[in-house]
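Q: I am new to this structure. Please take a close look at how its charged side chains pair up, and then at the space closed off inside it.

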Amino acid sequence: MKQGFDDVITKVKNYSMKKIAVAAAQDSAVLEAVREAKAQGIADAVLVGDEAKIREIAAGLDMDLTGYRIIDEPDLVQASLKAVKLARDGEVDMYMKGLVDSKNFLKSVLDKEVGLRTGGPLSHVCVFDIPGIDRLLFLTDVAFMTYPTLEDKVNIIKNTVPVCRACGIENPKVAPLAAVEVVNPKMPVTVEAAELTKMCEEGQITGCIVDGPLSLDLAIDPEAAKHKGATDRKIQGDADILLFPDIHAGNLVYKCLVHTVPGIKNGCILTGTKVPVILTSRSDTFETKVNSIALAAVVAEELSKGV
């Protein structure tokens, strides 16, 4: 049975209403997404930013701000710090980027006094609902960690597994991707993929199944796995997490999917933080922003269990 973002949103509606702090909320696209998230029962929001501009934009959208908490802070950097502190102090469950640029937004996430660091590296995960594939696919890292080391890849897996679990996948299958599915000493990516597999087998990586190196077709296409005779692999076209060797491979696949596959849905969050961080781009669609809020909400629920 197909599982997609509709199932994620259904899960969210069974939880108590989550709350987002939006940094520099004077952004029409973000306000539209926040309004829709609240209308669907996904999340409420605290709007931190230039109150006059927030109200002006909301009026243009015919958005009723009654019931929203607004914290007036015209300075973009200070708005980010005030918003992230709400998340740090447990007053909200999620943190979202508004009009502020990504550099200053991430500075607030990493701030030593009010930020959301937990001690480990941060990574990004994009969850795709792709027509023709019967499950969600979790792509990482496509936007944040540029050239992950072996240790970084271990942390990326550890950051991503709870996201899968929050979406209903208890023991996700992780495919460390490469151009080939065999170890080649001249291709360091394949060596690291094999090492990750061994680490999982030895219990150094838990809560998932790791099988690599794998080519992309073997990871997501059961027919390709049969055709190539990969019947001895733990993953035979049924991977949940696609672990990319670097940001170039991940970002290229991400953009190829977004711009060429009709009917595709996706949502993205930053992980490894105290609460989920919604770091969407201005070019992301309205639906992607709402899906990202829903994804953050299910992960926030998972984190609240202390798992």
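A: The salt bridges come first, and the cavities follow.

This is a predicted model, in which local features need pLDDT of at least 70 and side-chain atom pairs count only at pLDDT 80 or more, while totals for chains, interfaces and linings use all residues. Residues are numbered from 1 along each chain as its sequence is written, and side-chain values use heavy atoms, with hydrogens and water left out.

Side chains of opposite charge can pair when their charged atoms come close. A salt bridge here is a side-chain nitrogen of Lys or Arg within 4 Å of a carboxyl oxygen of Asp or Glu. The structure has 15 salt bridges.

One of them joins Lys 234 to Glu 201, with 2.7 Å between the closest N and O atoms. This pair links distant parts of the chain, 33 residues apart: Lys 234 sits in the loop between α9 (222-227) and β9 (241-243), and Glu 201 belongs to helix α7 (residues 188-201). Helices (H or I, at least four residues) and strands (E, at least two) are DSSP runs, numbered from the N terminus. Lys 234 is partly exposed because its relative accessible area is 37%, and Glu 201 is exposed because its value is 54%. The cut-offs are under 20% for buried and over 50% for exposed, with partly exposed in between (1.4 Å probe, protein chains only).

Another salt bridge stays within one helix. Lys 226 and Glu 223 are both in helix α9, three residues apart, about one turn of the helix. Their N to O distance is 3.8 Å, and both residues are exposed. Asp 89 and Lys 85 also pair, at 2.6 Å from N to O. Asp 89 is partly exposed at 43%, as is Lys 85 at 38%. Glu 181, Asp 217 and Lys 228 form a network of salt bridges.

Now the enclosed space. On a 1 Å grid over the protein atoms alone, a cavity is a set of points where a 1.4 Å probe fits but cannot get out, and lining residues have an atom within 4 Å of a point. Grid points are joined across faces, edges and corners, and a volume is the space filled by probe spheres set on the points. There are two cavities of 30 Å³ or more.

The largest cavity holds about 60 Å³. Its lining includes Asp 27, Lys 97, Arg 282 and Lys 289. The second largest cavity holds about 50 Å³, and α7 gives the most to its lining, with four residues.

Notes. 1 Å grid on protein atoms, 1.4 Å probe; cavity = no way out; pocket = protein on both sides within 12 Å on 5 of 7 lines; lining within 4 Å.
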